[in-house]
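Reader: Hi! I'm new to reading protein structures. Could you walk me through this one?
Author: Happy to. Let's put it up and start.

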Amino acid sequence: MPKNQIITPKQVRKTEKLKIDPIPLNQYKPDIAAEKKRYGSDTLLRVYYDMATVRLFETMLNDIKMTGSWEGIEYNHAGPAHLSIGQESASVGQALHLDETDFIFGSHRSHGEILAKCYSAIAKLDDQQLRSVMENYLDGDVLRVVEQSRSADSGGSVRDQAEDFVLYGTLAEIFARVTGFNRGLGGSMHAFFAPFGSMPNNAIVGGSADIAVGSALYKRINRKPGIVIANIGDASAGCGPVWEGMMIAAMEQYRTLWPEEIGGAPPVLFNFFNNFYGMGGQTVGETMGFRVLARMGAGVNAENMHAERVDGYNPLAVADAIARKKDILRKGRGPVLLDTITYRMSGHSPSDASTYRTREEIEEWKKNDAIASYRTYLLENNVTDESSLNDLDKQIRAKLIRATRLAVDLEKSPRMPGEQIERYMFSNDRAETLDDREPEVLHPAEENPRVKQIAGRERFGLDASGQPVSKMKTYQLRDGLFEALMHRFYRDPTMVAYGEENRDWGGAFAVYRGLTEALPYHRLFNASISEGAIVGSGVGYALSGGRAVVELMYNDFMGRAGDEIFNQMSKWQAMSAGVLKMPLIVRVSVGSKYGAQHSQDWSSITAHIPGLKVYFPATPYDAKGMLNRALAGTDPVVFFESQRIYDIGELFHQGGVPEEYYEIAEGEPDVKRPGTDLTIVTVGATLYRALDAADVLQEKYGLSAEVIDTRFLNPLDPEPIVESVKKTGRVVLASDAVERGSFLYSLAGVLTQLGFDYLDAPPVVVGSRNWITPAYELEDDFFPQKEWIIDTIHEKILPLPGHTVSTVQTNGELGRRYREGI
């Protein structure tokens, strides 16, 4: 919402016609003389070699899947194998002009892209660089297997060894071996090799699109070399993350608002490997309406995304397009869209009988086979001879036989013991900064207007007489979040924050107020309202080497980013076997007053997902210390904040919230009020209603309640709560999440197992009703109130003398609700 960009009715109501520039289709003209001059005969021959390698690799996998053997090597591969037979020229042509600083992200059908990209990098790196990569990757585990298998006649060059390294590391990964590129934790659909620029491949259709945007943002913001390509299929054109990713990639602010020295738009190319099918759905004439996919670019920006259709059956046509588009991206004029036509002669997977297409169609494409056509082209133009090509074919086969024998050998290539997977779920590392350069800021922190304003506030919420300090004078929870963010922004130059209304407005609920004055546009900016791509690009930014804080404004909007949170940010550390880190924080606020689609607490859902850390502070002291902890780590954190308490002061930490830096120990719950007769455990803002209930229990019934705020959902140390239960013998757990499926039931189960001998009654959960969240005027009937907690204690844990219930909390009522699904 920059005030310098004025939207006038005269401008937008003007009568005119929109003109769209023509989009080129298959414009490349083969010219062997020009191609020899441009590439040289050796490189033209290498294109054949790389394509033939990919074809044989995929043919080998197909034979093993279908028959259980290849070249006398027997193996039962039960896992997936989505093959790219027929698409080799598209991936090899793409890689020809790319080096190791250029990143490609792919799909479930990306074996060929891995091999092509890695072989291209091998051709460009020197021997010392290649040795360094192989010796240091996964502590040299992959290389040791390759070295032990190489005989004197298998070739002695470092490049030759590097090819064996790539073939074996990729195949061992597909076969779930601990010596695979990702320790066998990625497998066929997720394998990658980052040192050569082959980045994560994604089993979710279109899943790489917005991640690639984030990777390109990382390169642009941090002035890193190279471009980023999202290799996705034509069927992904129907996926939300693809369109959302293109919208964020095309935001005009890169040219209109960001500092000119940043270099313009993020260097991202959306490459659609267009094989005309999405599983069995035909994208032309059936499941899509574009007919020519390149048309999509016209719907994104005035440059049509520099879109064109490229003949993917000619590797040199693809290479030419990549070279031209790479230049555009380097100049900051992206994003770019390529419609790279190709065809998969194999099915969607080996079990696919291709009943949705005719034999005649497949045969027509086989007649145009890219490898056979390119071989003929080389021979007809005297680039090589038949004998030399046959020798290359034999060399490829020998290499692949060696790699396959190694990969199926359980002694040389063992699998990871299952219990070791847990070590890769989180990195649990600390990183004060992810780069050693000076952070880009607009003024010293002490000159920031909000920093000055906070300096005059009372950092403890009660005065000397125990009365609440005026909210206008109180250091609030939102101030604690701001201080943590400012601290890290001024230390980590890679850190960025973006999302919905992050700049100018001051962020949702004024948390970011003051950051606009402190940070240049490229470190704090508004994104499209594209929740999936906001998180997805954050994933790409983080796994590429930066720290990102992305905001969704409302908890309820997580549904729009479900895949990115549950399948992407949560999994890539483990699927990479720790090769990648994920310093990404997703800030979400839990609402009230705004009804059914803006007032839900989904913390239980995120706690259910392996690979996510889940924080939920309820006090200013905890908010600052916990966000400091999250921002110092390298793991993905979903950071919940309750809108009910952004303005609350610190009521527990004597001395108030410290001005200096501090952290809260991860996973440690906190006793907010000690007690002896009963334990009340809370998550989030329910803490304050639990304290109200504790007051009533003490004053009216003489019961001393110990109130514990979990602060964290994952990780969470249960021992302090168990110790409280050992003391009190009774526990009630409360949060604003709906009761059914609440995380508190998991915690109650753990407490029962660990503290069973000390319990005088079963743990009881109090949650919100299993309804839609109603209007503000009805919220007291939906969210837990102090009366609910007291009545629950009376009905299910400990009868309270003379107590008259005001709500129904009986077991009979609980049974009725479950029977009726409410």
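Author: Let's begin at a proline: P335 lies in the loop between α12 (315-330) and β10 (336-341). Keep in mind that this is a predicted model.

Reader: Okay! What kind of peptide bond joins G334 and P335?
Author: A cis peptide bond, with omega at about 5°.

Reader: And which bond joins N714 and P715?
Author: Those two residues are also linked by a cis peptide bond, and omega there is about -5°. You can find P715 in the loop between β20 (712-714) and α25 (719-728).

Reader: Let me zoom out. How many helices and strands are there?
Author: The secondary structure comes to 28 helices and 22 strands.

Reader: What about the overall dimensions, how big a box do the C-alpha atoms fill?
Author: Along the principal axes, the box is roughly 100 × 70 × 50 Å.

Reader: How does the radius of gyration fit with a compact globule?
Author: It agrees: the protein has 30 Å, and a compact globule with 822 residues would have a radius of gyration near 28 Å.

Reader: What share of the residues count as buried?
Author: Of the 822 residues, 61% count as buried. As for the outside, the protein exposes about 32,100 Å², and carbon and sulfur atoms supply 51% of that area.

Reader: How much of the contacts comes from residues 24 or more positions apart?
Author: Such pairs account for 78% of the contacts with a separation of 6 or more.

Reader: Charges next. How many positive and negative ones are there?
Author: There are 89 positive and 110 negative charges, and their mean positions are 4 Å apart.

Reader: I just learned about disulfides in class. What are they again?
Author: A disulfide is a covalent bond between the sulfur atoms of two cysteines.

Reader: How many disulfides does a search of the whole structure find?
Author: Zero.

Reader: Let's look at cysteines anyway. Is C118 buried or exposed?
Author: C118 is buried, because its relative accessible area is 0%.

Reader: And C239, buried or exposed?
Author: C239 has a relative accessible area of 18%, so C239 is buried as well. The cut-off for that word is under 20%.

Reader: Back to prolines. Where is P267?
Author: P267 sits in the loop between α11 (253-256) and β6 (268-274). With a relative accessible area of 4%, P267 is buried.

Reader: Which residues does P267 touch?
Author: Leaving out residues up to four places away in sequence, P267 touches A216, K219, R220, G226, I227, V228 and L329.

Reader: How far is P267 from E113?
Author: Their C-alpha atoms are 19 Å apart in space, and in sequence the two are 154 residues apart.

Reader: I've heard about positive phi angles. What is phi for N26?
Author: N26 has a positive phi of about 50°, although N26 is not a glycine. It lies in the loop between α1 (9-12) and α2 (32-39). N26 counts as partly exposed, because its relative accessibility is 34%.

Reader: What about A510, what is its phi?
Author: Phi of A510 is near 65°, a positive value in a residue other than glycine. A510 belongs to the loop between β11 (496-499) and α18 (515-518), and at 22% relative accessibility A510 counts as partly exposed.

Reader: What else is in the loop between β11 and α18?
Author: Y512 is in that loop. Y512 counts as buried, at 0% relative accessibility.

Reader: What does Y512 touch?
Author: Not counting residues up to four places away in sequence, its contacts include R450, L485, A497, N502 and R587. On the other hand, the C-alpha atoms of Y512 and M558 are separated by 20 Å, with their positions 46 residues apart along the chain.

Reader: One last residue: where is M345?
Author: M345 lies in the loop between β10 and α13 (359-367). At 14% relative accessibility, M345 counts as buried.

Reader: And which residues does M345 touch?
Author: Among them are I85, G86, Y313, I362 and W365, again leaving out residues up to four places away in sequence. M345 and I362 are 17 residues apart in sequence, and their C-alpha atoms are 6.4 Å apart.

Reader: Thanks, that helps a lot!
Author: You're welcome!

Methods. Residues numbered from 1 in each chain as written. Predicted model: local features only at pLDDT ≥ 70, side-chain atom pairs only at ≥ 80, totals over all residues. Heavy atoms only, no water. Helix = DSSP H or I, 4+ residues; strand = E, 2+ residues; numbered from the N terminus. Rg over C-alpha atoms; globule rule 2.2 N^0.38 Å. Buried < 20%, exposed > 50% of the residue type's maximum accessible area, 1.4 Å probe, protein only. Contact = heavy atoms within 4.5 Å. Areas by Shrake-Rupley, 256 points an atom, 1.4 Å probe, with all protein chains shown as cover. Lys, Arg positive; Asp, Glu negative; His and termini not counted. Charge placed at Lys NZ, Arg CZ, Asp CG, Glu CD. Disulfide = S-S within 2.5 Å.
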